[in-house]
Number of protein chains: 2
Amino acid sequence: MKKYLILLLWPLPLWLGAQVQQGDTDAFYLQKIYNRAMQQSRCYDWLSYLSQHVGGRLAGSPQAAAAVEYTRQMLDTMGLDSVWLQPCMVPRWVRGEKEQVRIVNSRKMGTIELHALALGNSVGTGPLGITAEVVEVKSLEEADSLGEALRGKLVFYNGPMDPTEINTFNAYGKAAGQRVYGASRAARHGAVGVLVRSLTTRLDDVPHTGSLAYADDAPRIPAIAISTNDAELLSRLLQEGPVRVFMRSTCEMLSEVGSYNVIGEIRGSVFPEEIILVGGHLDSWDPGQGAHDDGAGCVQSMEVLHLIRNLGYRPSRTIRCVLFMNEENGLRGGRAYWKWSDENSEYHLAAIESDRGGFSPRGFTAEGHDDVFNDKFKKAAGWLPLLEPYGLGLRKGGSGADISGLKGQKGLLFGLDPDTQRYFDYHHTAIDCFDAVNKRELELGAAAMTSLVYLLDKYGL
Amino acid sequence: MKKYLILLLWPLPLWLGAQVQQGDTDAFYLQKIYNRAMQQSRCYDWLSYLSQHVGGRLAGSPQAAAAVEYTRQMLDTMGLDSVWLQPCMVPRWVRGEKEQVRIVNSRKMGTIELHALALGNSVGTGPLGITAEVVEVKSLEEADSLGEALRGKLVFYNGPMDPTEINTFNAYGKAAGQRVYGASRAARHGAVGVLVRSLTTRLDDVPHTGSLAYADDAPRIPAIAISTNDAELLSRLLQEGPVRVFMRSTCEMLSEVGSYNVIGEIRGSVFPEEIILVGGHLDSWDPGQGAHDDGAGCVQSMEVLHLIRNLGYRPSRTIRCVLFMNEENGLRGGRAYWKWSDENSEYHLAAIESDRGGFSPRGFTAEGHDDVFNDKFKKAAGWLPLLEPYGLGLRKGGSGADISGLKGQKGLLFGLDPDTQRYFDYHHTAIDCFDAVNKRELELGAAAMTSLVYLLDKYGL
């Protein structure tokens, strides 16, 4: 494994004035972190470039390569102890021509074009497309229960996200199975294609893509997401009689290609073998700019290192920023990192992933290995009086896909926990763009992560 | 005082199925409120009409009259015990022709047009405009300290909102004095006009209006807000040498006109003399649609009554929704309401104002008369375990301008306390439009208010 080490001598006089003073209390130091984050952070500018100049950056795409190069260069400007690229192989899925989904037999309304996006990893329909009768179901179970009735049909998964879940990720978790597993479940019963209601509580014309996973034991049939307004329309028409739909997509999975995780770190001055990771994923879906998902998490993680340098803080432990590749449709970057880290007998004292959008932070979720979780969670919860003035709490819950495989190292895994109300307006769409991100909200997330890193570094776990 | 009483018999069978059951715990009932709010609330549709069809609705304008009529009609659809209009006289300020602010002597850049909005209540410059040299200050105190040096000049108040204040309202409170009092303070020293940096932490091209208050003992000179980008530009040019600016506005204060507060209530079944008020202000600034400020607060307050009806809840106390007129540039609606309420020896057990935008709610602030505040606050804080699952807290702080005059009745005054990060992106601008409001965030605010009303009604204070 090749490491590109860039060792720089940081110009000392630039930050001496900002150094932590001996007498600083933790509360005072957190205040410093926040003040600096709201005045001198660079994350919003980085996100502007990543979103508006690089744009959507699906793993294996030229844009993903550009994102690797851009973020590596930015990390290089910070005077870190090392910056390197960690190779990994990634799938290379391409969307091809604009998808078409069209109701072809509506007597009332003529031919109706639907707002559609092929699901990531899906096969295409072939250049001539597919025309078939639609069968609506609300769940995977309902599809199974219909069995042979699905043969030769297009199965339309129309289970909505539950709007009464206050945390929208809970609603997403309950509804996402249709998108991920719906194609293979329908294919086992002879279906020829799948339409999926977009995963959002909004009613609008914006289709949401996202990955599907084909089972090994079922034919691979094409799957396309349609907007929620179109899902409602299709459902109404189905109540009046049979509906035939034409769908066409030319997406395909090409051969795997090489890519990278981008890594930068500040070596710990006392316990360098104890690693505190901050990270997000650098790849994004292709239709939009991947601003919230997960450009925000990447630039916030980079900002943690930048703030530490800017404040002149010398960490006792190693602070490492990892921008993971291919979270969206393969998790290959995460897997490569876990394997490499375990092989090198590393110990991640803690890891913090930001992958829930750049919204106003409300705290952190935490998970960990059963052997250690309760004790470590309790210790982290002891810092709540310092975090609560910034509106931050701590609750048990998932951390992030890219760091989930580090659980075996028996540190504590955190997820930044922002306000969730707007995330699924943008998630996996053409409107996940820079202008949907608020500068202050983004910066507050970076400050929250830096504050937690400071406490983890100072007190351990 | 004339009351338009519309008494309707609510069709009982429609809501019987939704009625609160004897065995419902408070936690279960709050869950019901939230579920209903996220599925059947009408506030987002009302806001769409108020923002997109009525639009900006400064007190005394035809749009304000349309807003009165529209909201009265909507309250009339809810089967309340009474809906009425409460008259009040309001100032009638008109903006006139598009403002002009222009740097006229920049050698480098030629004539430079700035993004400008006259401050509300300001006099105009006269049709020929004013051209004068600019003097920059950062505060009212700095203006006073310059004294005679301001004679014949345009005073440019360029004190920025402090980006390090986590709660943006604190930053606003510290900076707003320049806008409100700057004109008269400068006029006392002979200044001929005032430019004010827009009140936002963003750097952009969007000017923010807002009211000024002329002192009786100073000449009335015109005042215009310029965007933050333009404020930065002007400040840079001033560092290079004298800058002359041409400003022109034709705004003027016309004669007072009649308007109304819009009121609807459900009479209490056990303690009808104990009033729980929910409210916002119906007027808004003219350049945008007044969506966050304060269309959101109005439709959330209306939604409280709608949810109560929709759930079939019979309150013990009187629940009253008040949409106040003229909060922005006179507070006449509020004053008329306090006077009328005091004259009728009313007792407001509690009042909740929503006037901080339709953002994700984080709880409530509360204030009250010194005689009773601590005890009542303590009692309300006892409900926190019920509210915290919805991300709601309670802290001491201001309630709302329109209800502040009810303090003498010795109830508890609350302000809905949403996330504050985005509010001053939109506040008093042309971009405070419907599309800046998120449906779920708006509905969650209405659910939070309804939950607090439920607890106030059930347990008193």
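## A guided look at strand β12, the sheet of chain B and the two-chain contact

Visitor: In which strand of chain A is the place of R317(A)?

Guide: The structure in view is a predicted model. Within chain A, the strand that covers residues 317-324 holds R317(A), and its name is β12.

Visitor: Is R317(A) buried or exposed?

Guide: A residue is called buried here if 20 or more other C-beta atoms lie within 10 Å of its own. R317(A) has 23 C-beta neighbours inside 10 Å, and therefore it counts as buried.

Visitor: Which residues is R317(A) in contact with, leaving aside its neighbours within four places in sequence?

Guide: One of these partners is F271(A), which is 46 residues away along the chain, although the two C-alpha atoms are separated by 4.9 Å. With the neighbours within four places in sequence set aside, the residues in contact with R317(A) are G268(A), F271(A), E274(A), I275(A), I276(A), L349(A) and D457(A).

Visitor: How many bridges join β11 of chain A to β12(A)?

Guide: Strand β12(A) is mostly covered, with eight of its eight residues buried. Strand β10 (residues 252-266) of chain A runs antiparallel to β12(A) and is joined to it by five bridges, and in this pairing I263(A) has V322(A) as its bridge partner. Strand β11 (residues 271-281) of chain A runs parallel to β12(A), with G280(A) and L323(A) as bridge partners. The number of bridges between β11 and β12(A) is eight.

Visitor: Which are the edge strands of the open sheet of eight strands in chain B?

Guide: The pairing in this open sheet of chain B is mixed, and the order of its eight strands is β3-β2-β9-β5-β6-β7-β8-β4. An edge strand pairs on one side only, and in chain B the strands for which this holds are β3 (112-113) and β4 (116-118).

Visitor: Which residue of β7(B) stands opposite V155(B)?

Guide: Strand β6 (residues 154-157) and strand β7 (residues 193-197) of chain B run parallel and are joined by four bridges. Opposite V155(B), in β7(B), stands V194(B).

Visitor: What angle does the direction of helix α7 of chain B make with that of β5(B)?

Guide: Helix α6 (residues 168-187) of chain B lies across β6, β7 and β8 (223-226) of that chain, and runs at about 155 degrees to β7(B). Helix α7 (residues 228-240) of chain B packs on the sheet as well, where it touches β2 (100-103), β5 (130-137), β6, β7 and β8. Its direction makes an angle with that of β5(B) of about 85 degrees.

Visitor: How many of the residues of α13(B) are buried?

Guide: Helix α13 of chain B covers residues 439-459, and at 1.5 Å a residue its 21 residues should span 30 Å, which agrees with end C-alpha atoms that are 30 Å apart. Just after this helix, G460(B) takes a positive phi of about 65 degrees. The helix is largely enclosed by the rest of the structure, because the number of its 21 residues that are buried is 19.

Visitor: What is the phi of N326(B), which is not a glycine?

Guide: N121(B), in the loop between β4 and β5 of chain B, has a positive phi near 80 degrees, and it is buried, with 21 other C-beta atoms within 10 Å. N326(B) lies in the loop between β12 (317-324) and α9 (332-343) of chain B, and it too is buried, with 26 other C-beta atoms within 10 Å. The phi of N326(B) is positive, at about 70 degrees.

Visitor: Which helix of chain A holds D294(A)?

Guide: The peptide bond from D293(A) to D294(A) is cis, with omega near 0 degrees. In chain A, the helix of residues 291-311 in which D294(A) has its place is α9.

Visitor: By what turn can chain A be laid on chain B?

Guide: The superposition of chain A on chain B has an RMSD of 0.0 Å and a shift along the axis of 0.0 Å. The two copies are thus related as by a two-fold rotation axis, and the turn is 180 degrees.

Visitor: Which element gives the most residues to the side of chain A that touches chain B?

Guide: In the contact between the chains, 19 residues of chain A meet 19 residues of chain B. On the side of chain A, the elements that give two or more residues are α2 (26-40) and α14 (439-459), while by class this side has six nonpolar, eight polar and five charged residues. The element that gives the most, with four residues, is α2(A).

Methods: Residues are numbered from 1 along each chain as its sequence is written. Chains are lettered from A and ligands numbered from 1 in the order in which they are written. This is a predicted model: local features need pLDDT of at least 70, side-chain atom pairs count only at pLDDT 80 or more; totals for chains, interfaces and linings use all residues. Copies are superposed by least squares on the C-alpha atoms of residues with pLDDT of at least 70 in both. Two residues are in contact if their C-beta atoms, placed from the backbone, lie within 7 Å. Ala, Val, Leu, Ile, Met, Phe, Trp, Tyr, Cys and Pro count as nonpolar, Asp, Glu, Lys and Arg as charged, and the others, Gly among them, as polar. A residue is buried if 20 or more other C-beta atoms lie within 10 Å of its own, exposed if 12 or fewer, and partly exposed in between; C-beta atoms are placed from the backbone. Two strands pair if DSSP finds at least two bridges between them. Axes are lines fitted to C-alpha atoms, for helices over the stretch in contact, and angles run from 0 to 180 degrees between N-to-C directions. The expected span of a helix is 1.5 Å times one less than its number of residues.
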